[in-house]
Amino acid sequence: MILQDKVALVTGGTSGIGRATAIAFGAAGAKVVFCDRPNVEGEETAALIRETGVECLFVKADVSSESDVQALVQKAISTYGRLDCAFNNAGIDLAVKPLHEQSIEDFDKIMSINARGLFLCMKYEIQQMLTQGAGAIVNNSSTNGLVALPGISPYVASKHAVMGLTRSAALDYAKQGIRINAVNPGPISTDMVDRILEPLGITVDSFASTVPMGRVGQAEEIAQAVIFLCSDAASYITGQPLAILL
Ligand code: NAD
C-alpha cells in the first residue's frame with residue numbers, strides 16, 4: 001500500500017493501460033479519480049477499483065477541452081480534498097500511411113488530444129500541486145516519443161511533444177516538490193495495438209518477435225512502473241523517460 005491515503009487521477013482510465021493503472025492505484029491504497037471521453041461509460045472500471053476496497057470517482061471529460069479538464073481537476077479536489085498523483089494517459093492513434101498522405105485534420109486531432117490535452121491536464125494538476133507543495137505526475141509517451149517508426153509521423157510527433165513537456169515542466173517545478181516523469185511503453189496488448197496492427201495484416205505474435213523479450217507487454221506491467229514513479233521510492237527521479245521496452 002505504497003500510496004496509502006493519496007489521491008490519484010488517471011485520464012483515459014476505462015480501457016487498456018489507463019484502466020490497469022487506475023486499478024493499480026487503488027490496490028496501492030490511493031483514492032482514484034479517472035476520466036474518459038464523454039461517450040464512454042466508467043462503471044465497469046469503477047466496480048473493479050472498488051473491489052480493491054478504495055473509493056473512486058469517474059468523471060466524463062475530454063482532455064482536449066480546457067473546461068472539461070478544469071472541471072475534472074476541480075471535481076477531484078472537491079471530492080477528496082487534494083491531488084497527489086496524476087497519470088496523463090489518454091491518447092489516440094491514427095491510420096498508418098506516409099506523411100504526405102496523412103490529413104491535416106488527423107494531424108490536428110492527434111495533437112489536440114495527445115499533446116495539447118496532456119498540456120492542459122498538467123497545467124491544472126500542477127496548479128493544485130503547487131498549493132500542496134508536493135505531487136508526482138507521470139505522462140504516457142511511448143517508445144515513439146524516443147525513436148521514430150515509419151507510417152505514423154503525427155503520432156510520433158505527438159509522443160515526442162509529450163517528452164518535451166515532461167522534461168521542461170520537470171525543470172520548472174523541481175524545487176517545488178513536484179516530480180514529472182514519463183513512461184515510454186513498447187507494444188502493449190490493448191485495443192490500440194490491435195487497431196494499428198490489424199489493417200497492416202500483422203499479428204500480435206509476429207510483432208512480438210521484434211521485441212527483445214519476445215512478447216508484447218501487458219497493461220498491468222506499465223501500471224506498476226507508474227505506481228513506482230508516483231511513490232516515494234522514486235523521490236529523486238524527475239524529468240525522466242522510462243522505456244518499457246525499447
Ligand atoms: P486504449 O485505446 O485502450 O486507451 C486509450 C484511452 O484513452 C481510451 O479509454 C480512450 O477512450 C481514452 N481517450 C481517447 N481520447 C480521449 C480524450 N479526448 N479524452 C479522454 N479520454 C480519451 O489504448 P492504450 O494502448 O491503453 O493507450 C493508452 C496510452 O498509452 C495512449 O496515450 C497511447 O498512445 C499510449 N501507448 C500505448 C502503447 C500500446 O502499445 N498499447 C504503446 C505506447 C504508448
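This section describes a helix pair, a nonpolar surface patch and two backbone features in a predicted model.

Two packed helices are described by the angle between their axes and the distance between the axes. In the present model, helix α4 (residues 104-132) packs with helix α5 (residues 153-173) at an angle of about 15°, and the two axes lie 9 Å apart. Because angles under 35 degrees count as roughly parallel, α4 is described as roughly parallel to α5. The crossing in which α4 passes α5 is right-handed.

On the surface, a nonpolar patch is formed by Val96, Leu200 and Ile202, which together present about 210 Å² of accessible area. Of these residues, Val96 is placed in the loop that connects β4 (residues 85-88) with α4. The relative accessible area of Val96 is 34%, and the residue is therefore classed as partly exposed, a category that lies between the limits of 20% for buried and 50% for exposed residues.

Two features of the backbone were also identified. Asp5, located in the segment before strand β1 (residues 7-10), adopts a positive phi of about 70° although this residue is not a glycine. With a relative accessibility of 53%, Asp5 counts as exposed, because the cut-off for that class is over 50%. The other feature concerns the peptide bond from Ile244 to Leu245, which is cis, with an omega near 25°. Leu245 belongs to the segment after strand β7, and β7 itself spans residues 241-244.

Terms used
Residues numbered from 1 in each chain as written. Predicted model: local features only at pLDDT ≥ 70, side-chain atom pairs only at ≥ 80, totals over all residues. Heavy atoms only, no water. Patch = residues over 30% accessible without salt bridge, like charges linked within 9 Å, V, L, I, M, F, W, Y side chains within 5 Å. Areas by Shrake-Rupley, 256 points an atom, 1.4 Å probe, with all protein chains shown as cover. Salt bridge = Lys/Arg side-chain N within 4 Å of Asp/Glu carboxyl O. Helix = DSSP H or I, 4+ residues; strand = E, 2+ residues; numbered from the N terminus. Buried < 20%, exposed > 50% of the residue type's maximum accessible area, 1.4 Å probe, protein only. Axes fitted to C-alpha atoms, helices over the stretch in contact; angles between N-to-C directions. Parallel < 35°, antiparallel > 145°, perpendicular 65-115°, else oblique. Left-handed = near helix turned anticlockwise from the far one by under 90°.
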